[in-house]
Amino acid sequence: MANAPPSNLLDESLGDTSGVGRMILVEDCVETSGAFVVHHLLKRALHPHSSDAVVFLSFSHPFSHYDRVLRKMGCNLSVQRDNKRLLFFDMLALDHLDRDRGKTSEDILIALYGEVQKAVEVSRSYETRHHITVVIDDVSLMEVDANGSSDLVLDFLRYCCSLTAQFGCSLIALNHGDVYSIVDQPNLLLQLEYLADIVIKIEPLATGLAKDVHGQLTVTNRNLRVDSGKSRSRVHNFQFRIKDNSVEYFYPGSKT
Amino acid sequence: MVMAANKPRSGSFSRNFGAASSSVPSIPGLKHGPNGTMLLSSGIPDLDKILGGGLALGSLVMVMEDPEAPHHMLLLRNFMSQGLVHHQPLIYASPATDPRGFLGTLPNPMVSKDDKSRVHETEQEKGLRIAWQYKKYIGEHSSESHRDGKSEYCNDFDLRKPLERHFFSWKQIDCVSLKESADLAAFHERCSSFLSQANQNNGNITGGRIAIQSLCSPQCEYSNREWEMLSFIRSLKSVVRLSNAVAVVTFSPSLVSTTFSIRLQHLADTLVSVKAIPDEDKELAKLLTGYKDMVGLLSVHKVARFNTQVPTILETTTFSMKLQKRRSLVLECINQAPVDGATGSSYASSGSCSGSSKTGSFDF
């Protein structure tokens, strides 16, 4: 599997993603959105050199938004969708139809999982596809759709994780960290962090918003296999500046 | 272009963005924004400038209320009036028993003669307040605001005069009382049918407006069912996003749990909060120029980010709300008063557009 060589700090810290069955959790907050990480990972998964397919569950934006954003980054989602490399579920529109029919939120999520599973199985049937990435943007909206039942959402995500073992998928989920920061009882975010192999945390700078540094990023990469067979985690910390066609990553203080 | 448009009447450098206004209105009341969006006006010229031209069609704007002051009503009034002036369909919901009564308090646009004199006034005031070395930029600035008035994308409103009757005669104004409805599903139905009607307007894009006042107020029956409100906002957001309308929703964060409030803030495309300032706060009065005219503070937390991943970083996020001549609402950068005895330090009066109102003494 020929992934593009790591080109920036984020790619380096994520390491080699060709290994199957990983879950990446992206955590952001009101001040600094983490959508750009999702865009980056999406572009990476759809890179022409790789043979991956993507199943995208969008709860927050319509397809046209992602299409325009990714086009500026040099990735044509419409073409990828026609090639069946990208399967896009627009949950903004879909959700409506289902609610009208008086389904419970459990039914909706079960049906959704069915769709995802089917999509993954279909994608697997192509000889050329080796690896499937499931992207969820974002989990907190899924919780709203489930009427606040985080158990349902968690079940859904666990099922998706089980796909990773079965079919060699990876899972990318965006969630908002600050929503859960107040409650101290076990919550969805902790569960997600437990499930995830890589946690990417996006925060604003402590000094407030700035024009040339948009925020900072903490990547916790667990389960790095060391030769002795033990796993250990590694933490990377750097800052970023978002542009239309790319994102600049740099270590604190090293921006010229 | 966004950056240039971000500047409110700060009296500092501001580029003349002629490119933006050249593509203006084929459709009255709408203009093209960055990244293929269409914008409509918030009814407050300064707020439009701060947000980069206006509110993007399809966006959900949330206003966080001050629990003790009705400043959010000022924003709502101007937003609704502007819509009626442009003959855009409007739906207004509030927890009051008779929401239609609120229409009587909407402000009237200023007549153009008044408008001219107002521009002149601000110019004169500017001359007094702004450091002398920036004087040459003033002419440029006021001509820009004048041009805006001419294209009638955004009117100045006179808060003392009620909106003239002939604006109301235009068909689509719908008022809903949230107090009576037991759940939000019915109201959501009404919104979506409103939007689908507005969309079928002979294929023309008109831009509808939805204004919801005090969503979480305790008078409403559903106010303790947080998930229901969230799911209402979420589905409202999704129908608005696919239509040519803008929804402005105000809510009071102190009436709901923090988690819920943060969830609502995440749902918003554009997030603004208003705060009253205490009447007799001597320390603040000493720190800020024009403290007497201020009625409150407005902070911009988030600006809608459609079709792009780049966040809009404003030069400053907190602005003072002032009633100019007790009639029109203007937003200004907060200016710190010059420190007594600091003679000749031009920093003190000019370089003081700080984002925070709580900044202490100068440390130069």
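This passage walks through a predicted model of two chains, A and B, covering a sheet, some aromatic and charged contacts, and the interface.

To start with the sheet in chain B, nine strands line up in the order β8-β5-β9-β10-β4-β11-β12-β13-β14, and the sheet is open with mixed pairing. Its edges are β8 (173-177) and β14 (328-333) of chain B, each of which pairs on one side only. On average, neighbouring strands of this sheet are turned by 20° against each other if direction is ignored. One of the pairings joins β4 (residues 60-64) and β11 (residues 270-276) of chain B, which run in the parallel sense and share four bridges. Here B:Val61 sits opposite B:Thr270 of β11(B).

Two helices of chain B can be placed against these strands. Helix α8 (residues 184-199) lies across β5 (90-94), β8, β9 (208-212) and β10 (245-251) of chain B, and its direction makes an angle of about 165° with β5(B). Helix α10 (residues 258-267) of chain B lies across β4, β10, β11 and β12 (294-302) of that chain, this time at about 145° to β4(B). Strands β4 and β11, the parallel pair, are thus both among the strands that α10(B) lies across.

On to the rings. A pair of aromatic rings is described by the distance of the centres and the angle of the planes. Over all chains, the count comes to eleven aromatic pairs. Take A:Phe36 and A:Phe240: the ring centres are 4.5 Å apart and the planes meet at 35°, so this pair is tilted rather than stacked or edge-to-face. A:Phe36 belongs to helix α2 (residues 35-45) of chain A and A:Phe240 to strand β8 (residues 231-242) of chain A, so the pair ties together parts 204 residues apart in sequence. Both A:Phe36 and A:Phe240 are buried.

Strand β8 of chain A also supplies A:Phe238, which pairs with A:Tyr251 in the segment after β9 (247-250) of chain A; this pair therefore ties together parts that are 13 residues apart in sequence. The geometry is edge-to-face, at 6.4 Å centre to centre with 90° between the planes. As for solvent, A:Phe238 counts as buried because its relative accessibility is 1%, while A:Tyr251 is partly exposed at 42% relative accessible area. Elsewhere in chain A, ring pairs link A:Phe56, A:Phe63, A:Tyr66 and A:Phe88 into a cluster.

Chain B also has charges over rings. The charged end of B:Arg209 sits over the ring of B:Phe79, 4.8 Å from the centre. B:Arg241 lies over the face of B:Phe306, at 3.8 Å from the ring centre.

Now for the interface. The size of an interface is often given as the accessible area lost when the parts come together. For chain A and chain B, about 3,200 Å² is buried between them, with 60% of it on carbon and sulfur atoms. Of the area that chain A buries against chain B, A:Val30, A:Val144 and A:Lys211 supply 19%, more than any other three residues. Counted by residue, 43 from chain A and 32 from chain B take part in the contact.

One last spot in chain B is the loop between β6 (107-109) and α5 (112-129), home to B:Val111. B:Val111 is exposed, with a relative accessible area of 53%. The C-alpha atoms of B:Val111 and B:Asp158 are separated by 9.1 Å, with these positions 47 residues apart along the chain.

Note on methods. Residues numbered from 1 in each chain as written. Chains lettered and ligands numbered in written order. Predicted model: local features only at pLDDT ≥ 70, side-chain atom pairs only at ≥ 80, totals over all residues. Heavy atoms only, no water. Pairing = 2+ DSSP bridges. Axes fitted to C-alpha atoms, helices over the stretch in contact; angles between N-to-C directions. Contact = heavy atoms within 4.5 Å. Phe/Tyr/Trp six-rings, centres within 6.5 Å; stacked < 30°, edge-to-face > 60°. Buried < 20%, exposed > 50% of the residue type's maximum accessible area, 1.4 Å probe, protein only. Lys NZ or Arg CZ within 6 Å of the ring centre and 35° of its normal. Buried area = accessible area lost by both parts, 1.4 Å probe.
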